[in-house]
Structure formats: C-alpha cells, structure tokens
Amino acid sequence: MTIKQISIQLENVPGSLARLVDILEKEDISTKAISAASTAESSTVRLVVNDPERAEKVLETFGFNFEVQPVLAVEVPCHPAGMNAIVKPLMAADINIHYIYTTIERIGKETILILGVDDHEEAAEILKEHWINFVGEQIYNL
C-alpha cells in the first residue's frame, strides 16, 4: 500500500530548490508530488517522483542530504466531507497524521493526498475499511 517519498534537506537560500529541480529534470526524473517547509537555516522538501530508486542514486551522486520514507497515496472522495472521510477514521484509531500534501496530477476528479502517518499498516487497514481508494505505485506513472 505504501509508496516511496524522498525527504531532502536543503539550505534555505535562493536557488536551492531550483538546483534540485534542475538536476532531477536533467536526469529525466519527474515530480509527482511536492511539499516544502522551511526554518531559518534549512528547508525540507518532500517529493514523490516517477523513479524513486534512480532519484536516490542521483541525489547521492550530487551529495544531497536525504532519506526515503514510506507514505500513503489516497484519493480524497469528491464531496464536501471528503477530507473527513480520511482524517476522522484515522483520528478515531489514534493514528497521528504528521503531514499531508497533494500530487501535481490526478487520475480523475479526485485529488490525491500523500499522507505521512505514524503507522502505515494500520492506517491503510482503517482507510480500506472506510472505502478510501489507494493509488499505490500507479502514482509513479501519472
């Protein structure tokens, strides 16, 4: 059920993200989802890309500080309470959501969320019980 996310630590200076994006683009690695948050000194960029294994090799070659984590990719039901269909069952199961961000592309009308949670297996089971659709590795081919 999980997919791979790459979290990269960048200096919080102009051009850091542009350098990363440029390197990945030149290596034909496309971004499927992205999130960035920063402090005064550094930024954490979270990416889902089309070829995570290749991206890891490229990032190592260029000396980036990064780690790979499992995350869930789910479709938000396309109705006013769509987000509640995801967050309330996880809350009821006492599963913490560390972060959420969306993909750049989507399959149909539904938005695809990337979820970083503290228990991926249990979260996946809970969401399946609540009829949430998982995107899985299909995300790499969007």
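Let's start with the sheet: six strands form an open sheet, in the order β2-β3-β1-β4-β6-β5, and the pairing is antiparallel. At the edges you find β2, residues 31-38, and β5, residues 97-102, each of them pairing on one side only. On average, neighbouring strands of this sheet are turned by 30° against each other, if we ignore direction. Please keep in mind that we are looking at a predicted model.

Stay with the edge strand β5 for a moment. Its partner is β6, residues 112-117, and the two run antiparallel, joined over five bridges. If you would like a spot to click on, try T102, which stands opposite L113 in β6.

Now for the helices. Which strands does α4 lie across? Helix α4, residues 120-129, lies across β1 (2-11), β4 (65-75) and β6. Its direction is at about 15° to that of β4.

The other helix I'd like to show you is α2, which covers residues 52-61. Which of its residues are buried? Those are P52, A55, V58 and L59. Looking down the axis of α2, you would see these buried residues fall within an arc of 115°, so they line one face of the helix. Here is the background: an α-helix has 3.6 residues a turn, so residues three or four places apart point the same way. Turn to the other side of α2 and you meet K57, E60 and T61, which are exposed.

And what do the buried residues of α2 pack against? Their contacts are with β1, α1 (16-26), β3 (42-49) and β4. So the strands of our sheet come back here: β1, β3 and β4 are among the elements that α2 packs against. After α2 comes G63, and its phi is positive, near 75°.

Let's move on to W131, in the segment after α4. Is W131 buried or exposed? Its relative accessibility is 76%, and because exposed means over 50%, W131 counts as exposed. For a sense of where W131 is, take L72: the two are 59 residues apart in sequence, and their C-alpha atoms are 15 Å apart in space.

Last, a word on aromatic rings. How many aromatic pairs does a search of the whole structure find? The search finds one. There is also a ring with a charge over it: the charged end of R46 sits over the ring of Y99, 3.8 Å from the ring's centre.

That's my tour, and thanks for listening!

Terms used. Residues are numbered from 1 along each chain as its sequence is written. This is a predicted model: local features need pLDDT of at least 70, side-chain atom pairs count only at pLDDT 80 or more; totals for chains, interfaces and linings use all residues. Side-chain values use heavy atoms; hydrogens and water are left out. Two strands pair if DSSP finds at least two bridges between them. Helices (H or I, at least four residues) and strands (E, at least two) are DSSP runs, numbered from the N terminus. Axes are lines fitted to C-alpha atoms, for helices over the stretch in contact, and angles run from 0 to 180 degrees between N-to-C directions. Contact means heavy atoms within 4.5 Å. Buried means under 20% relative accessible area, exposed over 50%, partly exposed in between (1.4 Å probe, protein chains only). The arc is that of the directions from the helix axis to the C-beta atoms. Rings of Phe, Tyr and Trp (its six-membered ring) pair if their centres lie within 6.5 Å; planes under 30 degrees apart count as stacked, over 60 as edge-to-face and the rest as tilted. A charge sits over a ring if NZ of Lys or CZ of Arg is within 6 Å of the ring centre and within 35 degrees of the ring normal.
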